[in-house]
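Here are a few worked exercises to try with the structure open beside you. Have a go at each task before reading its solution.

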Amino acid sequence: MTDTEPAPAVGDTAESIATMEIRGAATIASAAAEALAEQAEAAAEADATATDPAAFRASMRAAARTLRETRPTAVSLPNALRYVLQRMEGDSVDRLRRSVVDASEAFVRQLDRAQEDLGRVGANRLADGDTVMTHCHSTDALACIEAAVEQGKSISAVVKETRPRQQGHITAEQLRDAGVPVTLIVDSAARRYLDEVDHVVVGADSIAADGGVINKIGTSGLAVNARERGVPIMTAAQTIKLHPETLTGHTVEIEMRDEGEVIAPESRDEIGEIAVENPAFDVTPPRYMDAIVTEHGQFPPESIVTLMRELFGEGAAEPWAEP
Ligand SMILES: O=C(COP(=O)(O)O)[C@H](O)[C@H](O)COP(=O)(O)O
């Protein structure tokens, strides 16, 4: 490891995030924070950084940049890196190391607590006997359904499989384990099943200052259909999903993934010369979302900007940039 080369553990985490072995915004955020702690431990031992606080800091910034480049849409990733790097302090490598490890642990604890708190808020929106529809796999959305079950409510679920990577299967398994009867459907069956559904519950990768919800591709179509069928839809999103850069007019980059996730090479060859595109996320305009459920309570999407200003008054710092 040189003074700016990330530790192997950081490379492994970055690779796992890019290949989606580690996925889902909250899980990505905690893995990134933990990777920074591993970087700090490794840098405190490595020849190039063990006795040089400036080199140690440079290695932490480089590790953060490596992690940040993996997936562009989920803002929880840069927010996690920001949280840890902004708390890195000390004039010796040992103090710096300790501050990073402490911040990483505090971040992960806060994440777990926030999910529990928002779960209780989201559960209050669900009634005994409700059927919910889910899209993709969101630990924040599941926290709401699981909390409702813990409150003694009987909940069943219609789970969209979520092409192309079928994260709906993970949701189906976890809901089954929580004692929720599950019906798995293909994405295109969603509108038909909305008539049997009382509430749609989704997660988010980013929430924009205008209340736009960025989540797995297909969320916006589901939201429009839910509105048309008169079914309420909420997004469960901890405040680490709030995107500070959108406060100053920036838009959220939508990740385009490999075409191989959409069509197998043999089928593509058979069809011949066509374009294949694979956007991983889309934006649901605020007018199609009933509520954003956070650990600070629920908000109509249009008012989320007030909470964002409170939390990110100073805008989006970039502590991973070279000074
Ligand atoms: O869109 C996805 C996952 O997409 P991918 O599978 O491409 O990462 C999830 O709904 C959000 O990340 C929220 O998840 P969580 O609530 O767990 O943060």
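Before starting, a cut-off: contact means heavy atoms within 4.5 Å. Also keep in mind that this is a predicted model.

**Exercise 1.** Work out whether the length of helix H6 agrees with its expected span.

*Solution.* H6 covers residues 139-150, twelve in number. At 1.5 Å a residue, the helix should span 16 Å. Its end C-alpha atoms are 16 Å apart, so the two values agree. Now look at the ends: at the start, a side-chain oxygen of Ser138 comes within 3.3 Å of the backbone nitrogen of Asp140. Just after the helix, Gly152 has a positive phi of about 95°.

**Exercise 2.** Find which elements the buried residues of H6 pack against.

*Solution.* Start with the buried residues of H6, among them Leu142, Cys144 and Ile145. Then follow their packing: it takes in helices H5 (93-124) and H7 (168-177), plus strands S1 (131-134), S4 (199-202) and S7 (233-236).

**Exercise 3.** Decide whether Ile214 is buried or exposed.

*Solution.* Ile214 sits in strand S6 (residues 213-216). Its relative accessibility is 2%, and buried means under 20%, so Ile214 counts as buried. Beyond its neighbours within four places in sequence, its contacts include Thr73, Val252, Ile254 and Phe281.

**Exercise 4.** Describe the largest cavity and what lines it.

*Solution.* The whole structure has three cavities of 30 Å³ or more, and the largest has a volume of about 180 Å³. Of its 20 lining residues, Arg23, Gly24, Ala25, His137 and Asp205 are closest to the centre. Helix H2 (25-43), H6 and S6 each give two or more residues to this lining. By class, the lining has six nonpolar, eight polar and six charged residues.

Conventions
Residues numbered from 1 in each chain as written. Predicted model: local features only at pLDDT ≥ 70, side-chain atom pairs only at ≥ 80, totals over all residues. Heavy atoms only, no water. Helix = DSSP H or I, 4+ residues; strand = E, 2+ residues; numbered from the N terminus. Expected span 1.5 Å × (residues − 1). Buried < 20%, exposed > 50% of the residue type's maximum accessible area, 1.4 Å probe, protein only. Polar contact = N/O pair within 3.5 Å; in protein donor to acceptor, adjacent residues only side chain to side chain. 1 Å grid on protein atoms, 1.4 Å probe; cavity = no way out; pocket = protein on both sides within 12 Å on 5 of 7 lines; lining within 4 Å. Points joined across faces, edges and corners; volume = space filled by probe spheres on them. Nonpolar A, V, L, I, M, F, W, Y, C, P; charged D, E, K, R; others polar.
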